[in-house]
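Okay, thanks for coming, everyone. Let me put the structure up, and then I'll talk through its pockets and a sheet.

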Amino acid sequence: MRFDLTDLRLFLHVVEAGSLTAGAQRSHMTLASASQRVRGMEDALGSPLLTRHAQGVRPTEAGRTLLHHARVVLQQMERMRGELGEYGQGLKGHVRFMCGTSALNEHLPEVLSRFLAQHPRISVDLEERPSPDSVEALRAGLCDIGIVSDAVGTEGLECHPFRRDDLVLVMPRGHALAGRRRVHLAEVADSEFVGLTEDSALQRLVTQHARALGKQLAYRVRVRNFEAVCGMVEHGIGVGIVPQTAAVRCARSMKIARAGLSDAWAERTLMACVRSSEDLPLNARRMLEHLLAPPDKAAAKPA
């Protein structure tokens, strides 16, 4: 079977609109031309892609499979156009990167600043995603490198330890648990919390494990970064969960205490993952090497 990009874009528009007529309009085609293309795709496949009903059309099982691949192919084409267009602006390379909240805020800024200083004509597309989403994006070829927790399945990917990233509970110094070295989430699940915004990958992780305990955490305040969480905690608004690196840094200037979380999911190593380092584009391979280099060597590497 041979589907071209026009076929794929048309099919995507038809399914999204729920109507062959509206899909044809979005694709700037006549209804007759769009119908002929859809029939041609179905004939080539030997199976119907759409079921017709009074309100419009719905994809069949085969149609849903085609829809998934159409989205991937069209996204890849858009990325290709964008990246090739950047060459005319003086850029020589582009790296697609996904990571979680902790890596984005705690571990990557300094590493990326050194890499970009050494490679001034390379750009980075950095997107915050939960670890399972990053893994799926890597498998689908939608990003070059992902920083993910070692708690998620990474079968079929090449993974390297990047940073230790344990999560800890932060609380005001006068809190009843302030003298404890370690606590379980269950012990504080009924407390008032300060958290990150709901779209934060780390916040989704904490919410998921609270629900596994049959609990819904009560958030008094939601903020955008770990420093703000610790600042609210210092003033007694609630307790919070942040990476140990953030807690140690904030404790130097804030009156907060911290205790390690004993839950297995909170004891994490972040992994730098790719589909295959041998198949990476040159600039993505350079970035992977930079991520895995000891900090002193990465800092000393010449541009």
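**Pockets first, then the sheet**

So, H8 supplies the largest share of the lining of the largest pocket, 6 residues. Quick housekeeping: this is a predicted model, where local features need pLDDT of at least 70, side-chain atom pairs count only at pLDDT 80 or more, and totals for chains, interfaces and linings use all residues. Residues are numbered from 1 along each chain as its sequence is written, and side-chain values use heavy atoms, with hydrogens and water left out.

By helices and strands I mean DSSP runs numbered from the N terminus, H or I of at least four residues for a helix and E of at least two for a strand. A pocket, on a 1 Å grid over the protein atoms alone, is an open set of points where a 1.4 Å probe fits, with protein on both sides within 12 Å along at least five of seven lines; lining residues have an atom within 4 Å of a point.

Back to that largest pocket: about 360 Å³ of space lies in there, volume being the space filled by probe spheres set on the points, which are joined across faces, edges and corners. Of its 21 lining residues, Ser131, Pro132, Ala201, Leu205 and Arg268 are the closest to the centre. H5, H6, E5 and H8 (201-212) each put in at least two residues.

The second largest pocket has about 220 Å³, and H8 gives the most to its lining too, again 6 residues. Strand E10 (218-223) joins H8 in giving two or more. Among the lining residues are Glu198, Arg204, Arg211 and Tyr219.

Now the sheet. Which order do the strands take? It's E4-E3-E5-E13-E6, an open sheet of 5 with mixed pairing, where a pair needs at least two DSSP bridges. E4 (122-128) and E6 (158-164) stand at the edges with a single partner strand each, so one side of each has no neighbour in the sheet. On average, neighbouring strands are turned by 25 degrees against each other, direction ignored; axes are lines fitted to C-alpha atoms, for helices over the stretch in contact, and angles run from 0 to 180 degrees between N-to-C directions.

E5 (145-149) and E13 (269-274) pair antiparallel over 4 bridges, and Ser149 has Leu270 in E13 as its bridge partner. Helix H5 (101-118) packs on the sheet, touching E3 (93-99), E4, E5, E6 and E13, with contact meaning heavy atoms within 4.5 Å. H6 (131-139) also packs on the sheet, touching E3, E5 and E13, at about 145 degrees to the direction of E5.
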